[in-house]
Amino acid sequence: MAEVHKKHWYEHMLAIDRRILYLFVFIAVLVPALFPFGLPIKITPEVQAVYDRIEAMQPGEIVMFPLEYDPSTAAELEPMAFAMLRHAFSRNLRVLACCLSSTGVSLVEDEIARVAREYDKEYGSDYVYLGYQPYPAIVIMTMGENFRTPFPLDYYGTSLDSLPMMKKTKNYDDVSMVFTINATSGIDYWIIYGQGRYKFPLGLGSAAVMATNYYQYVQSGQLFGIISGLRGAAEYEILIGQGNVARKGMDVQSVAHALIIIFILLGNIAFLVERRRARHLTEEA
Amino acid sequence: MKREVPLIITMVTGLFLALQYYSPHRLSAHIYETLMDWLIIVGVFAIMLGILGLLRQHTDKLKTRERNWPYSIALLVGLFGMVILGFWGQGMGSPFVQAYFTVLNPVQATMFALLAFYIASAAYRSFRGRSVLASILLISAIIVMLGRVPLGEIIWPTVKIGSITIPGVTAISDWLLNVPNLAAKRAIYVGLGLGGAATALKVVLGIEAPHLRG
């Protein structure tokens, strides 16, 4: 009669049903989302640099916001966009926005209009939304010559020349800084074809997973600051003293990260025990 | 002629754009602006070609009842549906924007949110310290994951004992990101830049002509 193999604990662990893992993740995300515990968040120098740059601007100056993301990354980048727009409008800066990501155009329009309403800002005088044009690299380059080349009309079909804010705004020379919140390859285009050629101050807000690629440009001075993912957005919310979406999100992210680390450790413990036992059995044989 | 004319155009345009970067002359700027306009026009035609290609591929799939052909119906309905809705305007409250917020927005957000579950499962099953290098990667990943969230600073804070400072997980994570990570990234980017410049030079000089193939 064949001997029945009794599974060891580590074999059970290695063969665990993925649905159990999913359940843990679900609980880890749900609990802090429902009952946030407000973990303290430290401000990083890269985020402080962005805040200081906006604080140093005079009312009426134009800040350009290329907001290039779509619903897939909105959870991370939307709180950042809200915080940045709120800061700009509260300082009475004028906002020139565009979205060079085809699936984010309406999302971005909605966000800008919502924040503008909070501060009673008037379209055309206080802010303008250019909308979308394909081929970001080309659009970035052509805007360096004249915003009217890629965008003769704004998102709503109005001629740029008829908008008061755009009357004396020809190209990047007329904006004080560009801050792109971006989850696309467009970040590289802004650095290479935009800042590289036209030398405007450029800041970046990106998904955390992408940000590690761009810290080198802060060190080289090509970017004046980076807001990285939800953590960066939470830091910015603290700096401006408004909003708490990202701050709440950091509780969720903290628990989720901790859970994934526990998973990695447990998986490795089971793996190492199994490997040691397998070696032992081989040596015995 | 079929080969020579495009090669000459490429060479003249490429050399002009390279040299134009260093010339502030008005004529040079004017030609540059005109070329930028042309780029947009060419780009629009490229989109049209792309849409035609997509249509052909998916109508062929439907005709031959290839595997997963019902997805092609979804794609075509989505494509034409959004184009048709676009004729009623794109402002807030328009059918186009309604479709965007009620279909595309939740679908994309859901797809991305599911990643959290897959990553957790993959981390448990596959992220193993099988070798020294894999173990270094594993430890670095854990430190960076912990260092990027506020919980990390609570679990493993920076400690000062007299004149000695023992860095916390955030400080170590920042060091990992700003020193080894940047060193590797810079090396890769410098390599990419040099490779890109060499390829561009080859294309401009006609040594390589990928745009003439097919």
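**Helix packing and buried positions in the predicted model**

Leaving aside neighbours within four places in sequence, A:Q195 is in contact with A:W190, A:F200, A:L202 and A:Q222. The structure considered here is a predicted model, and within it A:Q195 belongs to helix α7 of chain A, which comprises residues 186-198. The relative accessible area of A:Q195 is 13%, and because this value is under the 20% limit for burial, the residue is classed as buried.

A second buried position is found in helix α4 of chain A, where A:A81 is located. The relative accessibility of A:A81 is 1%, and the residue accordingly counts as buried. When neighbours within four places in sequence are set aside, the contacts of A:A81 are with A:Y69, A:E111 and A:I181. Between A:A81 and A:P136, which stand 55 residues apart along the chain, the separation of the C-alpha atoms is 19 Å.

The burial of A:A81 can be set beside that of the helix as a whole, since 17 of the 20 residues of α4(A) are buried, so that this helix is largely enclosed by the rest of the structure. Helix α4 of chain A, spanning residues 71-90, is bent by about 55° at A:L77, and a proline, A:P79, follows within four residues of the bend. Just after α4(A), a positive phi of about 60° is adopted by A:N92.

Two stretches of chain A, residues 20-39 and residues 255-273, carry the feature "transmembrane region" in an unreviewed UniProt entry. In the model, residues 20-39 of chain A are 75% helix and 0% strand, with the end C-alpha atoms 27 Å apart. For residues 255-273 of chain A, the helix content is 100% and the strand content 0%, and the end C-alpha atoms are likewise separated by 27 Å.

Packing between the two chains involves helix α11 of chain A (residues 245-284) and helix α4 of chain B (residues 95-126), whose axes lie 7 Å apart and form an angle of about 25°. Because angles under 35 degrees count as roughly parallel, α11(A) and α4(B) are described as roughly parallel to each other. The crossing of these two helices, α11(A) and α4(B), is right-handed. On the side of α11(A) the contact is made by A:I260, A:F263, A:I264, A:L266 and A:G267, whereas α4(B) contributes B:I119, B:A120, B:A123 and B:Y124.

Key. Residues numbered from 1 in each chain as written. Chains lettered and ligands numbered in written order. Predicted model: local features only at pLDDT ≥ 70, side-chain atom pairs only at ≥ 80, totals over all residues. Heavy atoms only, no water. UniProt positions renumbered as here; feature names shortened; annotations may be inferred. Bend = angle between axes of the 7 residues up to and from the residue. Buried < 20%, exposed > 50% of the residue type's maximum accessible area, 1.4 Å probe, protein only. Axes fitted to C-alpha atoms, helices over the stretch in contact; angles between N-to-C directions. Parallel < 35°, antiparallel > 145°, perpendicular 65-115°, else oblique. Left-handed = near helix turned anticlockwise from the far one by under 90°. Contact = heavy atoms within 4.5 Å.
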